[in-house]
Amino acid sequence: MGIGFTNYDASDNTQAVETAKAQTAKQHKADAAKESSKKAAKLAASRSESKRLASKKAKSEKAKAKSEKSEKAAASSRAKSESIAASSKAESESIIASSKSESERIAQSTASSIAAASEQRAASVSASIAQSQSVAESNRQAQATAQVATQNDTTTTGTNNGGGVQTGSHWEIQNGYTWETRKGHSHIKGPGLPLDPGYHWEVAH
């Protein structure tokens, strides 16, 4: 039986080892590059996301600030409107109160004027009535005085004329008239008849 021998070349083995090492290093380098590329992609994606979130946050804050500004403006406008409304209401109430007070003053003044006029009219009427009563009383007293005086004159005249009724027929003449103006204002009275009121005795001439 024959045994075959193979010639072994150490240089070939070394070359194979170097080649394997080179391939391994190349593989590691490729893997590292791939990993680095992945990391770079992740970093870029992370940065992009951060920028997006930052932009979104900025927009949100800007919108919030704008909303707050609008709310403040609305609140200021509302407060201003409420202030104007309150001022207008107060002014309106003041005008109404003033008008009511003026109306009451005018009504009171009118009532006082009417009352004063009524009192004045009543006083005037009372004075007029009193004056009329005074005049009537004066006239009554004057008439009574004149009647007494006439009666006294009549008594005196009758006596001067011989007593009239005791000495026969005599003329009674209305007071204010004389023997000459007796026509239509005189009567002949028989003995014993009384003298009529408002007349006096006259003896026939």
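A strand here is a DSSP run of E with at least two residues, a helix is a run of H or I with at least four, and both are numbered from the N terminus. His200, for one, is found in strand β3.

Before you click around, know that this is a predicted model: local features need pLDDT of at least 70, side-chain atom pairs count only at pLDDT 80 or more, and totals for chains, interfaces and linings use all residues. Residues are numbered from 1 along each chain as its sequence is written, and side-chain values use heavy atoms, with hydrogens and water left out.

**Stop 1: the whole chain**

Colour by pLDDT, the predictor's confidence in each residue, from 0 to 100. The chain averages 77, and 78% of the residues score at least 70. Now select residues 152-166, where the pLDDT is below 50. Beyond near neighbours in sequence, this stretch has 21 contacts in the model, a contact being heavy atoms within 4.5 Å.

Switch to cartoon view and you should find 1 helix and 3 strands. Starting at the N terminus, they come in the order α-β-β-β. Of the 205 residues, 8% are buried. Buried means under 20% relative accessible area, exposed means over 50%, and partly exposed is in between (1.4 Å probe, protein chains only).

**Stop 2: the strands**

Select β1, residues 170-174, and β2, residues 186-189: they pair in the antiparallel sense over 4 bridges. Two strands count as paired if DSSP finds at least two bridges between them. Next add β3, residues 199-202, which pairs with β1, also antiparallel and over 4 bridges.

Zoom in on Ile173. Which residue is its bridge partner in β2? That's Ser186. In β3, Ile173 has His200 as its bridge partner, while Glu172 is matched with Trp201 of β3.

Show the side chains of β3. In a regular strand, side chains alternate between the two faces of the sheet. Here Tyr199 and Trp201 point one way, His200 and Glu202 point the other way, and all are buried.

**Stop 3: His200 and Lys189**

Stay with His200, which has a relative accessible area of 12%, so it is buried. Its side chain makes a polar contact with the side chain of Asn175 (3.1 Å). A polar contact is a pair of N or O atoms within 3.5 Å; within protein, one must be able to donate a hydrogen and the other to accept it, and residues adjacent in sequence count only if both atoms are side-chain atoms. Try the distance tool on the C-alpha atoms of His200 and Gly176: these residues are 24 apart along the chain, and the atoms are separated by 9.4 Å.

Then select Lys189 in β2. Is Lys189 buried or exposed? It is buried, because its relative accessible area is 15%. The side chain of Lys189 makes a polar contact with that of Asp196 (3.3 Å).

**Stop 4: the tryptophans and an arginine**

Searching the whole structure turns up 1 aromatic pair. The ring centres of Trp171 and Trp179 are 5.5 Å apart and the planes are at 90 degrees, so this pair is edge-to-face. Rings of Phe, Tyr and Trp (its six-membered ring) pair if their centres lie within 6.5 Å; planes under 30 degrees apart are stacked, over 60 edge-to-face, and the rest tilted.

Trp171 is partly exposed at 22% relative accessible area, whereas Trp179 is buried at 14%.

Finally, add Arg182. Its charged end sits over the ring of Trp171, 5.0 Å from the centre, and over the ring of Trp179, 3.6 Å from the centre. "Over a ring" means NZ of Lys or CZ of Arg is within 6 Å of the ring centre and within 35 degrees of the ring normal.
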